[in-house]
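Colleague: Could you pick one part of this model and take me through it closely? Then please work outward, one step at a time, and keep it simple for a first-year student.

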Amino acid sequence: MRDRQVEVVAGGHAVARVGGAVVVVAHRGPGKPTPQSPAVLALESIAELIRTAAEQQPAGPGALVARQATRWLMKHAEQISPGEPIDFGVLSAAEAGGVAIFLHGSVTAVLAGDGTVERYRGSDAAFTVDRVASVPARAVALFVDDAKGRVPELPAERGIGWLVEGIAQAGGAIVWSDPVRGRSGGVGPTAGHRRIAPPTAHIDAAPTPASESDADPYPTGTQASTAMLDAAQDQHGIDLHYAPTQAGGTNPAPLPDPDLQRRLEATAKATVLTVKVLGFKCARAHPSDPRSAFCTVCGMPVDQTQQLIEVVRPPLGMLILDDGRTYMLAADAVLGRDPEHSEQAQRGLIPLEVKDSSGGMSRAHAEIMLVNWDVSVVDRGSTNGTRTRLPGYRDWVRLPPNQPLVLVPGTEILIGNRVLRFEPAAPPPFG
């Protein structure tokens, strides 16, 4: 995406281009965004996250961006904007080609081809949207939804605007698919001239000393910077998707074709929206496990003296693969090297493909089952078995076939030669 023209559209939100990626963050406060606005603080923090990911995986940071953004949402967004969600979207290059799309909240990605338009809406997801799509023929854009959930149409022709690097006030951004005109001619640097480094994606209310800037690589305006850097370092070994971020969402790896992707999304959405359980609601009206002192969605404390009510169940956690990919657990799923064609997938389970070179993984190896507020793993008679390891233990234990094991946070699952770890979707923010 580095060689594409990025055009901003008029509006009152915050947009940045950094590390070849494009970020849009919704500004919900009165007036224009300022350097102290939560949207701008969030944008600067996310921009540094993206810059780090682009340095580590310059060929395609999309998957790493999604993992880091999910972790950022769960651990740091609340510190920047207490009590108010941060809606944002990121477009970045995918490792296997194409464009990686990450959305949270009321932000929509629009993919425009030759006579076709496809939309991914963050507001439709249980937590986040994490997708990889082919680069469309015309453009891919990010727009903040208006108060009625509407997004503007793409212009018939591209304009002259070109955001090279940095932050701008806008309503959205359009990444045109054709390479930028004139990069080898009059627009880019001319032969014999040294290229000047573009500005960084940062807004300063006043000059910042170099030492202070170096000490805080995640500028949030809070004390979260050091914790965020530590979390990012911890994650490089690692972390989760989000699942549906599917995982953690993250979603599973790039889907083979648009028809399959739409079918899986419809299945997951239908399942999530129809599962109702007894639970509590936190102060922000999020549904939560009544056995937990903290909200299942945002991690804040829950009043456990309230009466049980029927709530729509949110994602119950994430599976973090050993390569850092994450799957958000919002519906029953089947794990394996080719689960999409399995009998379980035909019954409606979400197929989560796990690549394995050992030859020890079955096509449909194990199932992840969500019952009430519990997540269980079940081995369905795989050839080489499924093993688990509880947090704090050294030895693996083989599961008896067809006997579910309820997972606790930190439990590891071994299928073939791949390891997945179960973690909560939103860890408590206090101690």
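Modeller: Start at the surface. Leu 390, Tyr 393 and Val 408 make a nonpolar surface patch of about 310 Å². This is a predicted model, so the patch is a feature of a prediction. Take Val 408 as the way in. Val 408 sits in the loop between strand 21 and strand 22, which covers residues 412-415. Is Val 408 buried, exposed or partly exposed? Its relative accessible area is 38%, so Val 408 counts as partly exposed. Buried would need a value under 20%, and exposed a value over 50%.

Now step from that loop to strand 21. Strand 21 belongs to an open sheet of five strands, in the order 16-15-17-18-21. The pairing in this sheet is mixed. Which strands stand at the edges? They are strand 16 (350-353) and strand 21 (405-406). Each has a single partner strand, so one side of each has no neighbour in the sheet.

Move inward along that order. Strand 17 (residues 366-371) and strand 18 (residues 374-379) are antiparallel partners, joined by six bridges. Pick out two pairs of residues. Leu 370 in strand 17 has Val 375 in strand 18 as its bridge partner. Ala 366 stands opposite Asp 379 in strand 18. Strand 17 and strand 18 also form a hairpin, with two residues between them. Asn 372 lies in the turn and has a positive phi of about 55°. Strand 17 pairs with strand 15 (residues 333-336) as well. That pairing is antiparallel and has three bridges. There, Ala 333 is matched with Ile 368 in strand 17.

Compare a second sheet. Three strands form this open sheet, in the order 11-10-12, with antiparallel pairing. Strand 11 (287-288) and strand 12 (309-312) are at the edges, each with a single partner strand, so each has one side left without a neighbour in the sheet. Strand 10 (residues 276-281) is joined to strand 12 by four bridges. Lys 276 stands opposite Val 312 in strand 12.

Next, look at a strand that is hidden. How many of the six residues of strand 4 (residues 99-104) are buried? Six of the six are, so strand 4 is largely enclosed by the rest of the structure. Val 99, Ile 101 and Leu 103 point one way. Ala 100, Phe 102 and His 104 point the other way. Side chains alternate between the two faces of the sheet in a regular strand. Both sets in strand 4 are buried.

Strand 4 has neighbours too. It pairs with strand 3 (residues 88-93) over six bridges, in the antiparallel sense. Ser 92 has Ala 100 in strand 4 as its bridge partner. Strand 3 and strand 4 form a hairpin with five residues between them. In that turn, Gly 97 has a positive phi of about 100°. Strand 4 also pairs with strand 7 (residues 129-133), antiparallel, over five bridges. Ile 101 is matched there with Arg 131 in strand 7.

Strand 3 leads into the interior. The largest nonpolar core has 32 residues. Val 25, Ile 50, Trp 72, Phe 88 and Val 90 touch the most other members. Strand 1 (4-18), strand 2 (21-25), helix 1 (38-56), helix 2 (62-75), helix 3 (77-80) and strand 3 each supply at least two residues of this core. Helix 1 gives the largest share, nine residues. A second, separate core has 27 residues, among them Leu 316, Leu 329, Ala 331 and Leu 352.

Stay with helix 2 for a moment, which holds Arg 67. Arg 67 has a relative accessible area of 9%, so it is buried. Arg 67 and Ala 53 are 14 residues apart in sequence. Their C-alpha atoms are 9.9 Å apart in space.

Finish with the whole chain. It has eight helices and 23 strands. Of its 431 residues, 50% are buried. The accessible surface comes to about 19700 Å². Carbon and sulfur atoms account for 53% of that surface.

Terms used:
Residues are numbered from 1 along each chain as its sequence is written. This is a predicted model: local features need pLDDT of at least 70, side-chain atom pairs count only at pLDDT 80 or more; totals for chains, interfaces and linings use all residues. Side-chain values use heavy atoms; hydrogens and water are left out. Buried means under 20% relative accessible area, exposed over 50%, partly exposed in between (1.4 Å probe, protein chains only). Two strands pair if DSSP finds at least two bridges between them. A nonpolar core is a set of buried Ala, Val, Leu, Ile, Met, Phe, Trp, Tyr and Cys residues joined through side-chain atoms within 4.5 Å. Accessible areas come from the Shrake-Rupley method with a 1.4 Å probe; for residues, only the protein chains shown count as cover. Patches are made of residues with over 30% relative accessible area and no salt bridge: like charges are joined within 9 Å, nonpolar side chains (Val, Leu, Ile, Met, Phe, Trp, Tyr) within 5 Å. A salt bridge is a side-chain nitrogen of Lys or Arg within 4 Å of a carboxyl oxygen of Asp or Glu.
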